[in-house]
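Work through the exercises below with the model in view. Try each task before reading its solution.

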Amino acid sequence: MYNKVLIRFGEVGLKGKNRSYFINALAGNIRRALKGLGRGYKVTTPYGRIFVDLPPEHDFAAVQATLRQVFGLVSFSPVVQTDLDMEAIRAAALKELKAGGVPETFKVAARRSLKSFVLDSMEINRDVGSHLLQNCPGLKVDVHNPQRMVNIEVRQEGAFVFSQVIPGPGGLPVGVTGKGVLLLSGGIDSPVAGWMAMKRGIALEAVYFDTPPFTSPRALAKVERLAKILAQWAPVNLHVVNFTPVQKALMQHVPEDLTITVMRRFMFRVAEALAQRQGALALITGESVGQVASQTLESMLTINNVVSAPVLRPVVALDKVEIMDLARKIGTYETSIEPFQDCCTLFVSPHPKTRPTLSQARQAEEHLDVEALVNLAMEGIDTNRYS
Amino acid sequence: MRQVYLDNAATTPLHPQVKQAIQGAMAEYANPSSLHSLGAGVEKLLSQARAEVAGLLKVNSANLVFTSGGTEANNMAIKGALARSGRKGRLVTSSIEHPSVMEVYRRLESEGWDVVRIPVDDGGQVQLEALEQALAQPTALVSIMAVNNETGVIQPLEKAMELIRARQPRALVHVDAVQAPGKVEFRLADLGVDLASVSAHKIHGPKGIGALYLRNRDLINPVLDGGGQEGGLRSGTENVLGIIGFGEAARLAKDGFAQNLAHVAGLRSRFVDGMEGLSGQIVSPEDGVPHILAVSFPGFRGEVLLQALSAHNVFVSTGAACSGKKGNLSHVAEALGLDDESRLGLIRFSFSSMNTEEEVVYALTKMEEVLAELAFVRGRRSR
């Protein structure tokens with residue numbers, strides 16, 4: 001019965017001059033998301049609003065599920081568009097009221113931007129309200145706390161009738177704030193961090209540091225599955241770096257208790273080089289203060305020092321349990337906790353320095369040709385796009 | 001790119017003739033339990049296949065029940081035997097059993113049974129004195145494997161049987177024989193064991209089919225009830241293609257027994273010769289089955305070696321998982337008394353009659369390359 005979806009966006013509307021840029025980005029993201037449902041969906045942006053035209057044969061549950069994964073969308077409503085004719089409006093309103101069961105109380109809320117229409121807002125409210133009361137025995141009006149609010153908008157292009165308001169994920173349209181390089185591991189935290197960055201409109205260039213034969217192909221497969229889950233919100237590029245040459249050099253030349261610190265410094269350097277190559281402006285990590293040795297403030301300072309790009313840490317102040325709850329909500333949790341046998345413990349000292357200083361890290365890197373190693377890692381990148 | 005598959009203790013490739021037999025049988029669709037002539041035709045194929053499996057094991061067809069594989073056969077043997085009323089006393093098993101035996105006993109233990117696990121000696125064989133001591137108490141059931149899957153050690157079943165019959169004549173004896181057929185000359189019927197499990201995919205047959213040998217069909221209660229197939233001991237419409245494949249694999253294993261054994265022994269000895277000069281320590285004893293060769297590379301991680309070999313298309317497996325947690329280390333390696341470093345560096349090469357000498361030489365070359373490539377991690381603390 002619905003032939004349109006009305007899209008609402010909150011913050012997007014507040015961005016002044018950028019408004020049309022943001023709206024177009026959101027409309028584009030909605031268009032891309034709906035592509036998976038087949039043909040016949042049309043996204044238009046008349047007068048600063050976004051509408052989706054639904055094809056006659058559509059599964060609204062699928063449309064709803066898709067739209068709930070488009071960031072920037074605050075809420076949306078399935079809408080019936082009718083001719084500018086009171087008979088048609090009354091019929092559509094009655095049908096809308098009955099959809100999902102007749103409520104006990106209701107209210108009609110009409111808005112009229114087409115001033116030449118035969119009735120004004122108050123008159124529409126009264127007309128439609130009495131039509132609904134006549135047709136539904138026992139139904140009552142409640143203007144303060146109605147169980148169902150039947151909205152009627154009278155505009156130049158037609159009349160719009162709707163009553164459902166379905167929440168969207170909020171945030172900003174992915175892409176509008178730029179690109180970021182997400183350091184993605186197979187763990188719980190980094191996919192959540194990536195999701196949160198996406199929510200703020202950042203398009204993800206994810207990077208995974210593969211270390212064959214020390215990490216198993218199954219670990220990589222798991223990361224690919226996580227990237228695919230994140231890509232349900234917006235396309236994700238996954239860059240797989242062959243990190244073995246770097247790791248090998250570290251194991252030969254870096255004191256054991258500083259390996260993790262120096263390893264992270266190299267990961268940051270490679271991530272920044274990748275950011276430059278991809279036109280990304282920030283790094284994103286799943287670090288949370290104090291969770292492990294490399295996530296103390298001292299470690300963060302020492303590791304962060306090698307890059308000048310901002311490092312976004314969306315989960316930095318969340319507890320593990322809070323991160324896990326988010327991971328469940330996003331749908332990455334079950335994949336993240338899958339066990340796989342992996343030898344990266346080989347690189348982890350039993351007693352890593354929890355407060356590594358800059359001078360210690362620099363000294364540990366003395367015998368390494370940092371630039372050459374970063375270049376070597378940059379040459380061994382395999383990229384896949386998930387969308 | 002060539003592939004050298006040396007993980008035959010995990011599973012074996014389908015023999016081309018087995019594949020052919022299965023393909024030939026794919027046109028048969030009737031239910032062997034159906035009374036019409038189509039059903040009878042399939043039933044006949046199944047009884048021929050059953051006879052082939054019985055021939056390999058040197059037992060009577062009537063004493064075989066087809067199962068979905070070794071795991072089901074082991075579960076059925078142990079749980080089915082104890083479900084039969086009147087079984088009292090302790091349960092005795094070894095410390096090196098396959099998980100499909102070990103975990104069943106762990107569950108039974110949690111349900112209140114007294115489970116005794118017999119340790120193994122330096123050579124990986126169950127300690128007969130310890131077994132004898134355990135048998136001083138009334139015993140309901142004993143499970144000892146025929147051939148260990150991680151080391152290839154052949155267990156002293158004859159001597160164990162003598163002890164059991166002398167001390168606890170009423171105890172039932174179950175043998176997990178999954179790694180034995182085609183690899184050791186043994187006669188289940190002569191040994192006098194009560195229950196034995198086998199699996200088709202370890203002898204170039206298909207996955208999803210195995211069998212339980214029962215000395216006497218009254219020894220167990222069925223675990224699955226239903227249509228009464230397999231003489232009521234294992235209900236469920238027969239896995240017709242699996243059984244036909246199993247039959248053909250058994251026929252090939254029986255007919256080619258001596259030749260295959262000699263071929264595999266030759267491969268192993270070629271491999272062992274080639275290992276000289278590499279840093280590996282051979283863990284498997286010389287008198288084990290030739291198919292399985294466990295080698296430890298102390299200072300390396302088995303999983304890392306495995307992945308490095310895999311990158312060269314040489315496929316092996318590890319005795320130990322590499323997560324660095326002790327709990328994931330092989331219980332068999334632990335039972336053998338290997339130190340942590342040796343256990344972490346354990347890998348298993350397992351051969352089959354379908355491997356060639358050329359493949360073994362290739363694998364050795366790659367092993368040498370991989371050890372050289374990874375030499376830099378040697379001696380680095382692993383945890």
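**Exercise 1: A strand pair at the edge of a sheet**

B:V65 has B:L212 as its bridge partner in β8(B). The model is predicted. Find out how the strands β2(B) and β8(B) pair, and place them in their sheet.

Solution.
- Step 1. Take the pair itself. β2(B) and strand β8 (residues 210–214) of chain B are antiparallel, with four bridges between them.
- Step 2. Read the whole sheet. Its seven strands follow the order β2-β8-β7-β6-β5-β3-β4 in chain B. The sheet is open, and its pairing is mixed.
- Step 3. Look at the ends. β2 (64–67) and β4 (115–118) of chain B each have a single partner strand, so one side of each lacks a neighbour in the sheet.
- Step 4. Check the twist. On average, neighbouring strands of this sheet are turned by 20° against each other, direction ignored.

**Exercise 2: A helix on the sheet**

Which strands does α4(B) touch as it packs on the sheet, and what angle does its direction make with that of β3(B)?

Solution.
- Step 1. List the strands. α4(B) touches β3 (90–94), β4, β5 (139–143) and β6 (172–176) of chain B.
- Step 2. Compare directions. The angle between α4(B) and β3(B) is about 150°.

**Exercise 3: Two helices that cross**

Describe how α3(B) and α4(B) meet.

Solution.
- Step 1. Recall what is needed. A packed helix pair is described by the angle and the distance between the axes.
- Step 2. Give both values. The axes of helix α3 (residues 70–83) and helix α4 (residues 99–110) of chain B come within 9 Å and cross at roughly 35°.
- Step 3. Add the hand. The crossing of α3(B) and α4(B) is right-handed.
- Step 4. Name the residues in contact. α3(B) supplies B:G70, B:T71, B:N74, B:N75, B:I78 and B:K79. α4(B) supplies B:S100, B:V101 and B:V104.
- Step 5. Sort them. Three are nonpolar, five polar and one charged.

**Exercise 4: Domains in chain B**

How many residues does each domain of chain B bring to the contact between them?

Solution.
- Step 1. Set the bounds. The domain assignment splits chain B into domain 1 (16–255) and domain 2 (257–377).
- Step 2. Locate the centres. The C-alpha centres of these two domains of chain B are 28 Å apart.
- Step 3. Count. Domain 1 of chain B gives 21 residues to the contact, and domain 2 of chain B gives 21 residues.
- Step 4. Classify one side. On domain 1 of chain B, the side touching domain 2 has eight nonpolar, nine polar and four charged residues.

**Exercise 5: Domains and extent of chain A**

Work out the domain contact in chain A, then the dimensions of the chain.

Solution.
- Step 1. Set the bounds. In chain A, the assignment gives domain 1 (4–169) and domain 2 (178–386).
- Step 2. Locate the centres. Over C-alpha atoms, 44 Å separate the centres of the two domains of chain A.
- Step 3. Count. Domain 1 of chain A brings four residues to the contact, and domain 2 of chain A brings six residues.
- Step 4. Classify one side. The contact side of domain 1 of chain A has two nonpolar, two polar and no charged residues.
- Step 5. Take the radius of gyration. Chain A has 27 Å, whereas a compact globule of 387 residues would have a value near 21 Å.
- Step 6. Take the spans. Along the principal axes, the C-alpha trace of chain A covers about 85 × 35 × 35 Å.

How values were computed
Residues are numbered from 1 along each chain as its sequence is written. Chains are lettered from A and ligands numbered from 1 in the order in which they are written. This is a predicted model: local features need pLDDT of at least 70, side-chain atom pairs count only at pLDDT 80 or more; totals for chains, interfaces and linings use all residues. Axes are lines fitted to C-alpha atoms, for helices over the stretch in contact, and angles run from 0 to 180 degrees between N-to-C directions. A crossing is left-handed if the near helix is turned anticlockwise from the far one by less than a right angle, and right-handed if clockwise. Two residues are in contact if their C-beta atoms, placed from the backbone, lie within 7 Å. Ala, Val, Leu, Ile, Met, Phe, Trp, Tyr, Cys and Pro count as nonpolar, Asp, Glu, Lys and Arg as charged, and the others, Gly among them, as polar. Two strands pair if DSSP finds at least two bridges between them. Domain bounds come from an automatic or database domain assignment. The radius of gyration is taken over C-alpha atoms; the globule rule is 2.2 Å times the number of residues to the power 0.38.
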